[in-house]
Structure formats: C-alpha cells, structure tokens
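The exercises below ask you to read a structure step by step, and each task is followed by a worked solution. Please look at the sequence and the model before you begin.

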Amino acid sequence: MDQNPVEGNNYYRLVQIDLDGTTYVKKMIVINSLDGSKVARFDAYPNPASEEINLQSNDFGRTDLIRIFNDKGQIVKEINMVKEIGNIQKVSLADFAKGIYFVQFIGEQKILNTTRFVKVK
C-alpha cells in the first residue's frame with residue numbers, strides 16, 4: 001500500500017519477476033486521491049500480542065463497527081464504535097485463545113479494511 005499518496009492522480013503498475021527471470025508487466029491504473037493525507041489506514045499492534053491489541057486508524061470517523069473473527073471464521077468480538085473515541089481502540093485479549101485473528105473495520109455499510117493479528121500465550 002502506498003503510505004504517501006499525493007493529492008490528485010496516483011499512477012501504479014505491478015511488475016512481477018519470476019524466479020526464472022520471466023517478467024510480467026500489468027497495465028497501469030490510476031487512483032485519484034482528493035487529499036493524500038486522508039487515505040484510510042488501519043493497523044493492529046503489537047503483533048503478535050498476548051494481553052491487549054491496539055486497533056488504530058486515521059479514519060475511525062467512518063468506522064461504525066469492528067468485528068474480530070477467529071481462524072474458523074467465527075465472530076469472537078464486535079465493537080460498536082463511538083465516533084468520539086479517537087484513533088486507537090484497545091481490545092483485551094484475555095478471553096481469546098491462542099491463534100490467528102482477523103479484524104474487519106466496517107462503515108458506510110461495507111468493509112473498509114481487514115487486517116490480522118496473532119494471539120500468543
């Protein structure tokens with residue numbers, strides 16, 4: 001993901017080079033960013049985690065719900081967002097079993113982003 005898009009058009013092209021040296025060049029795409037600083041970023045840290053995970057976004061204003069799934073696809077926690085909470089949501093992992101978890105940030109009736117984290121201990 002481009003961490004520093006510019007305002008306006010951003011041009012991207014994927015170039016894949018296989019181990020045998022074969023090169024594949026995909027067509028260029030254009031992503032328009034009205035304001036590069038407002039590109040939504042979502043993160044879960046520390047990763048791996050043992051006691052608590054921090055869910056962070058620069059765009060929680062659009063997030064209505066955070067949903068956490070285990071590796072079997074079962075919902076283990078849902079957090080209804082309060083718009084005034086800031087940009088970090090702390091989640092206790094005390095009741096979570098050891099394993100891999102997926103976090104969905106949901107807003108505007110769609111999934112805005114999905115990230116994952118590992119619970120250890």
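**Exercise 1.** Is E78 buried, partly exposed or exposed, judging by its relative accessibility?

*Solution.* Keep in mind throughout that this is a predicted model. The cut-offs needed here are that buried means under 20% relative accessible area and exposed means over 50%, with partly exposed in between. E78 has a relative accessibility of 43%, and therefore counts as partly exposed.

**Exercise 2.** Find which side chain meets that of E78 in a salt bridge, and describe where the two residues lie.

*Solution.* The partner is R67, and the N to O distance of this salt bridge is 2.7 Å. E78 belongs to strand 8 (residues 75-80), while R67 belongs to strand 7 (residues 65-69), and the pair, 11 residues apart, links distant parts of the chain. Applying the cut-offs once more, R67 has a relative accessible area of 21%, so this residue is partly exposed.

**Exercise 3.** How many salt bridges are counted in total, and which strands does the one between K90 and E52 tie together?

*Solution.* The count comes to 2 salt bridges. In the one formed by the side chains of K90 and E52, the distance from N to O is 3.9 Å, which satisfies the requirement of lying within 4 Å. Because K90 is in strand 9 (residues 88-92) and E52 is in strand 6 (residues 52-57), this pair ties together parts that are 38 residues apart in sequence. E52 itself is partly exposed, at 37% relative accessibility.

**Exercise 4.** Describe the open sheet that contains strands 5, 6 and 9, and explain why strand 5 and strand 9 are called edges.

*Solution.* Begin with the order, which is 5-6-9 for the 3 strands, with antiparallel pairing. Strand 5 (42-45) and strand 9 each have a single partner strand, so one side of each is left without a neighbour in the sheet, and they stand at the edges. On average, neighbouring strands of this sheet are turned by 20° against each other, when direction is ignored. Looking at one pairing in detail, strand 5 and strand 6 are joined by 4 bridges, and Y45 has N54 in strand 6 as its bridge partner.

**Exercise 5.** Is T63 buried or exposed, and is M28 buried, partly exposed or exposed?

*Solution.* T63 sits in the loop between strand 6 and strand 7, and at 0% relative accessibility T63 counts as buried. M28 also belongs to a loop, namely the one between strand 3 (23-25) and strand 4 (29-33), but M28 is partly exposed, since its relative accessible area is 41%. Together with Y11 and V30, M28 makes a nonpolar surface patch of about 310 Å².

Methods: Residues are numbered from 1 along each chain as its sequence is written. This is a predicted model: local features need pLDDT of at least 70, side-chain atom pairs count only at pLDDT 80 or more; totals for chains, interfaces and linings use all residues. Side-chain values use heavy atoms; hydrogens and water are left out. Buried means under 20% relative accessible area, exposed over 50%, partly exposed in between (1.4 Å probe, protein chains only). Patches are made of residues with over 30% relative accessible area and no salt bridge: like charges are joined within 9 Å, nonpolar side chains (Val, Leu, Ile, Met, Phe, Trp, Tyr) within 5 Å. Accessible areas come from the Shrake-Rupley method with a 1.4 Å probe; for residues, only the protein chains shown count as cover. Two strands pair if DSSP finds at least two bridges between them. Axes are lines fitted to C-alpha atoms, for helices over the stretch in contact, and angles run from 0 to 180 degrees between N-to-C directions.
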